Amino acid sequence: MREQLMRYARDIYRYFTSAEGIASLRIHLEAQQFPQLYHAYRERVVDPNFVVNVAALDAAAHHGGLRETADPVAVLEAIGGGVLIHALFSQHAGAAPEATAPSEDQLEATLMNFVNLALDTPRT
């Protein structure tokens, strides 16, 4: 389960630091001005991916790979939110052209911290 969530964290970090991820942020921020675009984007991209990930976490909880009291939506939102804020605050989401990406080791440690927090696991 931890490796699946790390894959999720890596994938969304790459997404949030890409041109597509920046466009996604704009779509969400401007949802009131462009509701049809927002709803189409949610229907085609966000919701299907979220459903797949929630189902995987539900299955993991059922088979003992995740504590049964864990809320799959909260786990995904905790990891996704942490990764998004990290990408934005560290300027890796395209806000500053001179920003340098973290080293692979730094990024892995940061992402593991988000996964551990979401799983309520002590830091290692």
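This is a short chat about helix α4, some single residues and the salt bridges of a predicted model.

Me: Start with α4. What span should its 18 residues give, and what do the end C-alpha atoms say?
Reply: At 1.5 Å a residue, helix α4 (residues 72–89) should span 26 Å. Its end C-alpha atoms are 26 Å apart, which agrees.

Me: What caps its N-terminal end?
Reply: Asp71 does. A side-chain oxygen of Asp71 lies 3.0 Å from the backbone nitrogen of Val73.

Me: Which residues of α4 are buried?
Reply: Pro72, Val75, Leu76, Ile79, Gly80, Gly82, Val83, Leu84 and Ala87.

Me: And what covers them?
Reply: The cover includes α1 (2–16), α2 (19–29), α3 (35–62) and α5 (104–119).

Me: Why might residues three or four places apart point the same way?
Reply: An α-helix has 3.6 residues a turn, so such residues do point the same way.

Me: Now Ile85. Where is it, and which surface patch does it help make?
Reply: Ile85 is in helix α4. With Leu88 and Phe89, Ile85 makes a nonpolar surface patch of about 310 Å². Ile85 counts as partly exposed, at 38% relative accessibility.

Me: Switch to Leu57. Buried or exposed?
Reply: Leu57 is buried, with a relative accessible area of 2%. Its place is in helix α3.

Me: What does Leu57 contact, leaving aside neighbours within four places in sequence?
Reply: Met1, Leu5, Leu66, Pro72, Val75 and Leu76. Of these, Pro72, Val75 and Leu76 are buried residues of α4.

Me: What about Ser18, in the loop between α1 and α2? What does its side chain reach?
Reply: The side chain of Ser18 reaches the backbone nitrogen of Gly21 at 3.1 Å. A polar contact of 3.2 Å also joins the side chains of Ser18 and Glu20. Ser18 counts as buried, at 17% relative accessibility; the cut-off for buried is under 20%.

Me: How many salt bridges are there?
Reply: The structure holds 5. One of them pairs Glu108 with Arg10 at 2.7 Å, N to O. Glu108 lies in helix α5 and Arg10 in helix α1, so the pair ties together parts that are 98 residues apart in sequence.

Me: Which others can you name, say for Arg26 or Asp47?
Reply: Arg26 pairs with Glu30 at 2.7 Å, N to O. Asp47 pairs with Arg42, with the closest N and O atoms 2.7 Å apart. Asp47 is partly exposed at 31%, and Arg42 is partly exposed at 25%.

Me: Which residues form one network through shared partners?
Reply: Glu3, Arg10 and Glu108 are joined into one network by salt bridges that share partners.

Methods: Residues are numbered from 1 along each chain as its sequence is written. This is a predicted model: local features need pLDDT of at least 70, side-chain atom pairs count only at pLDDT 80 or more; totals for chains, interfaces and linings use all residues. Side-chain values use heavy atoms; hydrogens and water are left out. Helices (H or I, at least four residues) and strands (E, at least two) are DSSP runs, numbered from the N terminus. The expected span of a helix is 1.5 Å times one less than its number of residues. Buried means under 20% relative accessible area, exposed over 50%, partly exposed in between (1.4 Å probe, protein chains only). Contact means heavy atoms within 4.5 Å. A polar contact is a pair of N or O atoms within 3.5 Å; within protein, one must be able to donate a hydrogen and the other to accept it, and residues adjacent in sequence count only if both atoms are side-chain atoms. Patches are made of residues with over 30% relative accessible area and no salt bridge: like charges are joined within 9 Å, nonpolar side chains (Val, Leu, Ile, Met, Phe, Trp, Tyr) within 5 Å. Accessible areas come from the Shrake-Rupley method with a 1.4 Å probe; for residues, only the protein chains shown count as cover. A salt bridge is a side-chain nitrogen of Lys or Arg within 4 Å of a carboxyl oxygen of Asp or Glu.
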